[in-house]
Amino acid sequence: MTTKAAKPGSFRVNRRTALQGMAGAAGLMAAPGFVRYAQAHSGAPIKLGVPIHRTGIGASYGRWYERVLTAAVKLVNEGGGIAGHRVEAIVEDDGTDPRRGTEVIEKFATQHKVDAVFGHLFSHVVNAAAPRAGELKMPYIVCSEGHHVASVKLNRYCFQPGITDVKSQVQSMAPWVMANLGKKVTMIFPDYAFGHDHRDYFSAAVKAKGGEVVALIPIPPTETSFTRHFPKIPASTEVLYHVMVGPGVLTFVKELGQHFGSKRPQLFGFVDSIEAVDLASPALEYLEGTHFWEGNPRYAQANQSAHDKFFRERVGVDANGASKSDPKDVSTYAHMFSVWETLFIIKQAMEKADYHGPEKKVAFMEALESLKEFPESRQHPQGRKIFNGKTHQVFGHQFISKVENKKLKVVHKTSIEDGMYPDEGDYTKMSF
Amino acid sequence: MDFGPYLLLATMEGAVGAAVLALTALGLSLVFGVMRVVNVAHGEFFMLGAVIAWWVAHLVGAHPALGFLAALVVAPIMVGLVAAVAERLVLRRLGYDPEATIVATIGLLYVIQQAALSTFGPDARPVEPPVDFRILLPWFGYSGYKLLVIAAAAALMLCVWWVLARTRVGLMMRATRFDRETARAFAIPVDRVYGGVFALGAMLAAVGAVLIVPIQQAHYLMGHDPLLLSFIVVIIGGLGSLRGTVLAALVIGMSDGVISVFFSPTLAKILATLLVAIVLVIRPTGLFGARAA
Amino acid sequence: MLKVDRIDCCYGNTQVLRGFSLELACGEILCLLGRNGAGKTTALKAIMGLVKPRAGAITVDGVDLTHLPAEAAPRHGIGYVPQGRRLFADLTVAENLEIGLMARHTPRAARERALDLFPALRERLDQASGTLSGGEQQMLAIARALCLEPKVILLDEPTEGLMPSMVARIREVVSTLRRQGTAVLLVEQRVEAVLEIADHVLFVENGRSRDRLAAAELRARPELLGRFVGVGD
Amino acid sequence: MTAGGLDRAALLHLAVPALLFALQFVLPDYHHVNLARVMVLASFAAGYNIVFGYTGLLSLGHAMFFGAGLYTAGLLAQYAGVAAAPGFVLAILAGALFAALVGILALRTSGVSFMIVTLMFAQAAYLALHYFGDYTRSDEGFVVPAELRRLFGLALADPATRYFTALALFTGTLAVCHAVARSSFGRVLAAIRENEERTRMLGYDVFAYKLVALALSGAVSAAAGAAYAMLFGYVGAGLASIQYSIYPLLWVLMGGAATVLGPFLGTLAMFYLVDTASGFTSAYLFLVGLALIALVLFFPKGVLGTLRERALPWLP
């Protein structure tokens, strides 16, 4: 089924209407005389299953992942599809729930019979779905930034070619933070796995650069107010490193402001906290002058590449990273490019493997493993990337941005090498 | 930071949490006490209050205080209406059977949550506080609005107490709570009292949400925590006891904050949770409840 | 003035009243006699609208209450003193009386008249009614019903579990009510007591209303009692 | 209940697993794998039904017992390399132990207090999973390596083996529930549900009966949890969250409390309700909510409970 693009910012893949349209189109194409027009895409379409967090805690991200998906699929099909086949994206909601996420993988594999599944984001859903994808022999390509793929604890069917993992992100930024903001770091992070990754990898990177983590402040997963944790921030703190994923971020910042006033340490945060949040929101004034990691700069920079411009145009995002139809509707810009890039990587690998149907799944994945580098391009608007076929993980540039006039301005771009670390295993030694 | 100021901060935070919690829990307690209905959708009424508050504040647009005041009036009324309709169409037809109402209110929870997601969207949205000033203490700064929340919550609780203790409507509620059949034999319109109590309970949750939303933002999944905490408060406080509810809210609100001074926050939450369980095991009628449920 | 015409009542699938009828005139005391479970209490509840009859009709002064909500009965002047008192125990004495006043929007004077009958209650107005003694509770239950200035008062075992002096007091009050023109429908176990104050006795058996006899006749021929389902043993 | 009725009931309980066994040969892949999962979750629901349906105790803490099974099997495999079979046994013991410990305290309360106490214990356990995140990987969870997911030499990841294992578990739970429903133990439980005070007067140690019922229920729930870890290879705190205390309640109420087959029917119906509804609207939770409301309004005793009341009084 083709994902229908309506006006940017408000579209949504509606499976039923798309299905009806499809059936109609198929009927037309089957009619004599129309055969020639259908030649542009030959044979059966390539079906991609895309689990989306439409509901549950990941819904903010899911909405934008779906919009990017729609735009990317449209672009691929305009360019002749994959190896001459039209691409159909089949979307299922997984409720950001590990069990439902797994069920959806099964549905893709056994009912929709898709060629590959891609697009999963939240780590717990990925971890639950990955073993089933392997058992069902379903290529499973995630857009999650978690370290789970690169840790080589999943299986050979799991890839992350579209976005750098947390370990690499954190490691590549630590030197800049040490050099420019301070060496004594206090970390505030959510007390669950994603936060623990930050805690472990960033602490290690800080120590490696001669810095010191003076305090670790884990926040319980159900916390909605943060003030009472602030006294644990030692007075000697030079940099406050914060990762506060979830809807509590505005509270966090506001309370930080109430607590410290102007006598605050340097703040360095993960943009995950303020994804889909308008920087012009009340309370966020306090972030003025602080720094953030960004996977992809939300605000169009002075030296914006033509590719980024093109990407924004097609997805329907303005120069502030918000929906063109509603400037209050802010995107998850730092992450959502991964859906776009991943689709083009699937296309590249499938065409390299001369993929025309599921019998070539293994060839497709081997082709994917053989990819080495993705140059900055329309297909890869975030920038150049290096892919490690052994760990199935991609490595790219990271951005450090400063909040200036309620916008994020890039002040540093890490090199790809900054984020490299030794392989933790080798998927290619596993069997399919 | 020194221990003293630290404890002071934890106490102030606990007081703010307790104030809003007391309001929300009072709503649950009323419904529970008068109707013997466990309203699992109570947290969703809270969420709905926050979401409508955001919507109203945005529509008004003018000075934050104006938007906030409008929200303070509109949100509870709208939530009350939703609750009254739900009571009329569902709970009344179930004859307030305890188990059936639990399932029905779980259904209601899903319906409200999904409706909020479909219309309001998945993002957390802030409402500006009506007043924005920072109280500077020698050791740390503190939000002035938060102190205002405590005052507002206390005033609202006094209002509720006055209605219950001093008005005819309150008398009807208390009589119905005690003996539905005899109340009926004295011409108390029990059906209308039930509808009113259910709406009032939801409105209290909504008011709590409007107060908290400048601190916490509206989000479609925010109803979960208030529900859990309200449950605890209602049980610890003793069923339908206003005084007990307030005291229990204070204890719960404070204990979490103060325990987290001594232990890691997650461990503090675990201990606080276990404490509640143990208290209930030792005193099944709640700390302040005089009578068995 | 109160007329119950061949009503059928059920709890779930169990039929409790079958074609039950009675008539009560102003200033009359009618007593229902019958075994436990014969349906006496249900008959009172049906009159109050607390149990809805499946067939038949209940009228007060010609107004048909059968299909009106339960609030209609007190509004039309039927006062109810349920079995076991059923005070609102958490509420104070004054509040219990207030509920009686609210039922029919009767003036405060009604409360004073009720308290005149039970002066002991006057000293305890602010006390929670649950803390009263059994006798006081019964007085309050009656006073509460009197607050709505009833045309008919239904008394369900008002002397159950009370000391003899209290029983006498309540009997006096019932007589006073009759003198004032109030109709009284009484459910009572103590036959001697019934015979002393009642005008008529209606025997109830298996949910049916049977013979209605003048109390005077029963007093004269106590052997008649034996015919009626073991009452009086 | 007539003797003939009892026979019919036993026959039905044999027929259902037999039907499920036969189905695996004809079902399309998708429904095949779904049914395997539904059977595992239905076993959890059946475990829940022992306390909720038969004993009349409304627990909101069963996620803890499911989680106990899930994590016992999962952690032992992950860190001690314990294979599925011993892991399974230990998981059942862990579930029974947890349930007994919770029961000793929680059973001193009743009604809504019991609900809250069980909820609190489960919530504490859930938070503990986060506190010990270094081992449990908290909400993110971990993957149980495929090579440890073997039972008697058979790979549990294989669809046929998985289906068969799930069926075996389900049949086992069915047998347990059937036995409970028909035994004198079960009749005492029913008596407790109907009138606890009277049962105590008759000389039964009500507390002990409830405790045994809860431990049994915990063991069955843990068995389902362990099966989930072993069959589907994922262990995560999300599966021990409050959500998973509410699910079995819903499934049981939907199918019919205190019926042997109700939990299975409820789980199956709920799964396909979500699955089909999500096919044509992203607002499927809305439909689920409405379905629940409609259910209690029109079929208050669940599907089987209503059926038993109206047409098939012999239904166990």
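Is Cys26(C) buried or exposed? At 57% relative accessibility, Cys26(C) counts as exposed in this predicted model. Its cysteine neighbour in space tells another story: Cys31(C) has a relative accessibility of 0% and counts as buried. The two sulfur atoms lie 19 Å apart, and because that is too far for a bond, Cys26(C) cannot pair with Cys31(C), the holder of its closest cysteine sulfur. Seen from the other end, Cys31(C) is likewise in no disulfide, with the sulfur of Cys26(C) as its nearest, 19 Å away. Over all chains, the count of disulfides comes to 0.

Charged pairs are another matter. Side chains of opposite charge can pair when their charged atoms come close. Over all chains, the structure holds 61 salt bridges. One of them joins Lys385(A) to Glu341(A), with N and O 2.6 Å apart. This pair links distant parts of the chain, since Lys385(A) sits in strand S12 (residues 385–388) of chain A and Glu341(A) in helix H10 (residues 333–352) of chain A, 44 residues apart. Both partners are hidden from the surface: Lys385(A) is buried with a relative accessible area of 0%, and Glu341(A) is buried with a relative accessible area of 0% as well.

Helix H10 of chain A also contains a salt bridge of a more local kind, between Glu351(A) and Lys347(A). Here the N to O distance is 3.1 Å. Why are these two residues separated by about one helical turn? The reason is that they are 4 residues apart in helix H10 of chain A. Glu351(A) is partly exposed, at 35% relative accessibility, whereas Lys347(A) is buried, at 17%.

A salt bridge can also cross between chains, as Arg86(C) and Glu181(B) show, their closest N and O atoms being 2.9 Å apart. On one side, Arg86(C) lies in the loop between strand S6 (78–81) and helix H3 (93–104) of chain C; on the other, Glu181(B) belongs to helix H7 (residues 180–185) of chain B. Arg86(C) is partly exposed, with a relative accessible area of 28%, and Glu181(B) is partly exposed too, at 23%. Elsewhere, salt bridges that share partners join residues of chains A and D into one network, including Glu92(A), Arg99(A), Glu103(A), Arg132(A), Arg37(D), Arg149(D) and Asp275(D).

That network leads to the interface of chain A and chain D. Here 37 residues from chain A meet 38 residues from chain D. The area buried between the two chains is about 3100 Å², and carbon and sulfur atoms give 50% of it. Across this interface there are 8 salt bridges, and one salt bridge between the two chains pairs Arg37(D) with Glu103(A) at 3.7 Å, N to O. The interface also has 12 residue pairs in polar contact. On the side of chain A, at least two residues each come from helix H1 (15–30), strand S2 (87–93), helix H4 (98–112), helix H5 (123–135) and helix H7 (193–208). Of the elements of chain A, H4(A) gives the most, with 9 residues. By class, this side of chain A has 8 nonpolar, 11 polar and 18 charged residues.

The interface of chain D and chain B paints its own picture. Chain D brings 39 residues to the contact and chain B brings 37. About 3300 Å² is buried between them, with carbon and sulfur atoms giving 86%. In chain D, Met120(D), Tyr131(D) and Val296(D) lose the most area to chain B, together 17% of what that side buries. How many salt bridges are there between chain D and chain B? The count is 0, and the number of residue pairs in polar contact across this interface is 0 as well. Four helices of chain D give two or more residues each to the side that touches chain B, namely H4 (84–106), H5 (111–131), H11 (243–255) and H13 (284–298). The largest share, 14 residues, comes from H5(D). By class, this side of chain D has 31 nonpolar, 7 polar and 1 charged residues.

Helix H11 of chain D also holds Ser245(D). Ser245(D) is buried, with a relative accessible area of 1%. Leaving aside residues up to four places away in sequence, Ser245(D) touches Leu60(D), Gly61(D), His62(D) and Ala63(D).

Terms used:
Residues numbered from 1 in each chain as written. Chains lettered and ligands numbered in written order. Predicted model: local features only at pLDDT ≥ 70, side-chain atom pairs only at ≥ 80, totals over all residues. Heavy atoms only, no water. Contact = heavy atoms within 4.5 Å. Buried area = accessible area lost by both parts, 1.4 Å probe. Salt bridge = Lys/Arg side-chain N within 4 Å of Asp/Glu carboxyl O. Polar contact = N/O pair within 3.5 Å; in protein donor to acceptor, adjacent residues only side chain to side chain. Nonpolar A, V, L, I, M, F, W, Y, C, P; charged D, E, K, R; others polar. Buried < 20%, exposed > 50% of the residue type's maximum accessible area, 1.4 Å probe, protein only. Disulfide = S-S within 2.5 Å.
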